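Please read the following report alongside the sequence and the model. It takes up sheet architecture, packing, the contact between chains and a few local backbone features in turn.

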Amino acid sequence: MKDFVKLFNTIDQTTKTNAKVEALALYFKNASDADRIWTIAILSHRRPRRTVTTTLLRTWAAEYGNLPLWLFEESYHVVGDLAETIALVLPKPLKQSNHPLSYWIEYIKALKDVEEEEKKVAILQAWNSLGHEARFIFNKLITGGWRIGISQKLMVRALSKFTGIEENLLAHRLMGNWDPSSTSFDELVLSENPLDDISKPYPFYLAYALEDEPVDLGQPEEWQAERKWDGIRGQIIIRKKEIFVWSRGEELITDKFPEFNSLVDALPEGTVLDGEILPFKDGKVLSFNVLQTRIGRKNISKKTLETAPVVLVAYDLLEFEGQDIRHESMAERRKKLESLLDSYRHESLLLSPVVKFSDWDVLKKEQKDSRAHNCEGLMLKRKDSPYKIGRKKGDWWKWKVEPLTIDAVMIYAMRGHGRRANLYTDYTFAVWNGDELVSFAKAYSGLKDTEFQEITRFVKQNTVERFGPVRSVKPELVFELAFEGINRSKRHKSGVALRFPRMKRWRKDKSASEANTLDDLLNLLNLYGQ
Amino acid sequence: MSLLSFTSRGIYCEKADVYIDPWRKVDKALITHGHSDHSRWGHKAYLCTHSAKPVIEHRLGKINISSVPFGETTTINGVKFSFHPAGHILGSAQIRVEYKGEIWVASGDYKLENDGLAEPFEPVRCHAFITESTFGLPVYKWKPQSDVFDAINAWWEQNKAEGKTSILAGYSLGKAQRILQNINPAIGPVLTHGAVENINEVMRAQGISLNDTIKITKETDKNLFPGSLVICPPSALGASWMKNFMKHSTAVGSGWMMLRGARRRRSVDRGFVLSDHADWDGLNSAIRETGAEKVIVTHGYTSVFSKWLRDQGLDAAEVQTRFEGELAEINDSISSSEAS
């Protein structure tokens, strides 16, 4: 594991992208094929299946570290990372072995069907033969949740540096449903005819947010405008009489949306669509909340299919008649998309309509009107642009509406994880209902590190009660929360649920009594909710 | 009323009418050491150790301050006070308080390892011990400082080979001089930020021999920078002051660097685990060696650490104070870097 530890440390110890890519390319050069393939798998979030529960790991670590379990748990709250906490509390190892990464992955995989006692022996043996950093990595291989500081994009760049193969080509080869245990480096990365994997999606093209007025983009006639739908970005692939639905997070989600199954017969062979999966009923787009009731469910019940049916609102065509057409212009792809959807109709497939505009002012009115369409804003796409890979500036822009805002009082604070470990960064907010504060939202993003430091100090000095990692605090700090939407909710005491709440700013100028009220919140619900 | 109690002003000895490290204005203050959360402005009279005095005067300006040597007893209204080395920074003390055979010790901040600069920690037997717990969790375990400085020297040498300046941040009072005294000066010149050099000058003036340094000013020849080691306060890392340096590598020396999350948050190239506070094992052994049955935990992971001590059969409690331990460093550093 020495080489992988070294790689990990180098990446962890630098903030410079080039140094990271350099280190990874060097690692690829010297690693065995098995280590290469597993490194690619880990960096693209394909870790081995969990064979030991975290409950067992905690118990054994506390026991071996000679600590009461409660103290281990308290330490974990502070460290914010289970694998790291375990590595920190264990006594020094008896010896240090130097098996490679792939050895330890196979070691972990082999624990799948063994008895608990045998698992314990194996885990203690591993801990006892690994140094601190290697232990941390070993634990991470079991628990998952890597934030290794290297994105998929950088990994592809390093791989390209090492193999000499073009980045775009590699990005496509690495997508899809490959299994690191049964795929060779040769097959996955090097072979000119990549795996005959008909499920393989194209990398998504992602838009940047438009900060300025669109007038700076040039002539209106060069641009195509569409609504920015608030659903799940998805890619639907029809190849060889099979359908595959991919999410933007590169997750295969075909099973979650049985509505699309019959598209296999409705669409021609060799079709790949890019669009938004949206809840849609009686000719109307429903709120994202409705979709949320379906995500995360293992089984999609009949009732769910009735109350929260979905459609794909298609906005791009990436493969047509089996040909990759991403290099063609937006205008050409749009023409093909329109005629395709015109000739092959299906109840779960809609076309994302183009918003017509002659000048930017007209479009601005449409943009302001977005919430009425249950949309987050507009998308602007340059008509002569190809379909690119990843987030690129220039041709695609998202032009979001201003968020809704409300001033709320912080009443609970919880410690964060990862790089926010040991800081109070996750807060619960409340508004006034008479003399009472009613909680209605949680938020943990939007502030600067310096503000989190300051608030952490406040939390420590103004704690009312502790509940494990959570503290209730004196209701004094006021924050302006921004959010994208508001809906009725039975799950929350306040009766509302916010869409993507975050802290817009800390209102140091306001005292708690000046925060908004539940009535203010309900007014927003009546105006913008469903 | 116990010999020492906690009031809204600080740790109070009613019998002698003196406070230890008070955070509000009082008449008589006994000061454990010069860090700003222990040594505040505005008291009518200060008492500290000889070696702590120059820095406290430097920071607080014109104050009415007297000092005593370590171990010497000062009697106030029948209560005996004496200062004993805490090993935290130069001059830092635990304050022993004795009245009619009852002994209390307020330890301020402390560490057990001899860092080569601060007077080494001495355990003091007592009935009641007031302790910090800045790093009072079993995840904080320090390596011997020789290991840490080997790593720092290696990092410096590597940077030098690459033509880079090594910029190492540590608190201006204490940590910076500890670093200065323990790095290998043969590698190259050591340059300092003004805030660090101010303290160096105070210490040199009191007869401490520190390794040679060059203070960085507008006139400093930029050709000196590549291959040198620069010691600065954490606040300088994010400041425009950094524009002085072309190719460089940044690092922080702090106990918080034990945790990966804290290292990443600082977004420096390296985090060296180097603390002037006791680690988990240090706190536990210090408390054991006092023989105290009663332990009061004032700052750090107070609730967890006092619960742990109770589990060990001690009469332990937590008390809220305004002491911040190493948190003060980190916070100060960030807010001042925002200002500049």
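Which order do the strands of the open sheet of seven strands in chain B have?

## Basis of the description

This is a predicted model, in which local features need pLDDT of at least 70 and side-chain atom pairs count only at pLDDT 80 or more, while totals for chains, interfaces and linings use all residues. Residues are numbered from 1 along each chain as its sequence is written, and chains are lettered from A and ligands numbered from 1 in the order in which they are written.

## The seven-stranded sheet of chain B

The open sheet has the order β7-β8-β9-β10-β11-β18-β19 (chain B), with mixed pairing; strands, like helices, are DSSP runs numbered from the N terminus (E, at least two residues, for strands; H or I, at least four, for helices), and two strands pair if DSSP finds at least two bridges between them. Because β7 (74-76) and β19 (315-318) of chain B stand at the edges with a single partner strand each, one side of each is left without a neighbour in the sheet. On average, neighbouring strands of this sheet are turned by 25 degrees against each other, direction ignored.

Within the sheet, β8 (residues 79-85) and β9 (residues 93-99) of chain B pair in the antiparallel sense over six bridges, and F83(B) stands opposite I95(B) in β9(B). Helix α7 (residues 280-290) of chain B packs on the sheet, touching β10 (102-106), β11 (128-133) and β18 (294-300) of chain B, and its direction makes about 175 degrees with that of β11(B); such angles run from 0 to 180 degrees between N-to-C directions, with axes fitted to C-alpha atoms, for helices over the stretch in contact. Helix α8(B) also packs on the sheet, where it touches β11, β18 and β19 of chain B, its direction making about 160 degrees with that of β18(B).

## Nonpolar cores

The largest nonpolar core (buried Ala, Val, Leu, Ile, Met, Phe, Trp, Tyr and Cys residues joined through C-beta atoms within 7 Å) has 154 residues, of which L24(A), I95(B), L168(B) and I231(B) touch the most other members. A second, separate core of 44 residues includes F204(A), L263(A), F320(A) and L380(A).

## The contact between chains

The contact takes 20 residues from chain B and 27 residues from chain A, two residues being in contact if their C-beta atoms, placed from the backbone, lie within 7 Å. On the side of chain B that touches chain A, α6 (260-266), α8 (302-311) and α9 (326-339) of chain B each supply at least two residues, and α6(B) gives the most, with five residues.

## Local features of chain A

β17 (residues 463-467) and β18 of chain A run antiparallel and are joined by four bridges; they form a hairpin with two residues between them, and G468(A) in the turn has a positive phi of about 55 degrees. The bridge partner of E465(A) is S472(A) in β18(A), and S472(A) also has Y412(A) standing opposite.

Two residues other than glycine have positive phi: D282(A), near 50 degrees, and N374(A), about 60 degrees. D282(A), in the loop between β6 (271-281) and β7 (284-285) of chain A, counts as exposed because it has 6 C-beta neighbours inside 10 Å, whereas N374(A), in the loop between α17 (360-368) and β11 (375-382) of chain A, has 20 such neighbours and therefore counts as buried. The cut-offs are 20 or more other C-beta atoms within 10 Å for buried and 12 or fewer for exposed, with partly exposed in between and C-beta atoms placed from the backbone.
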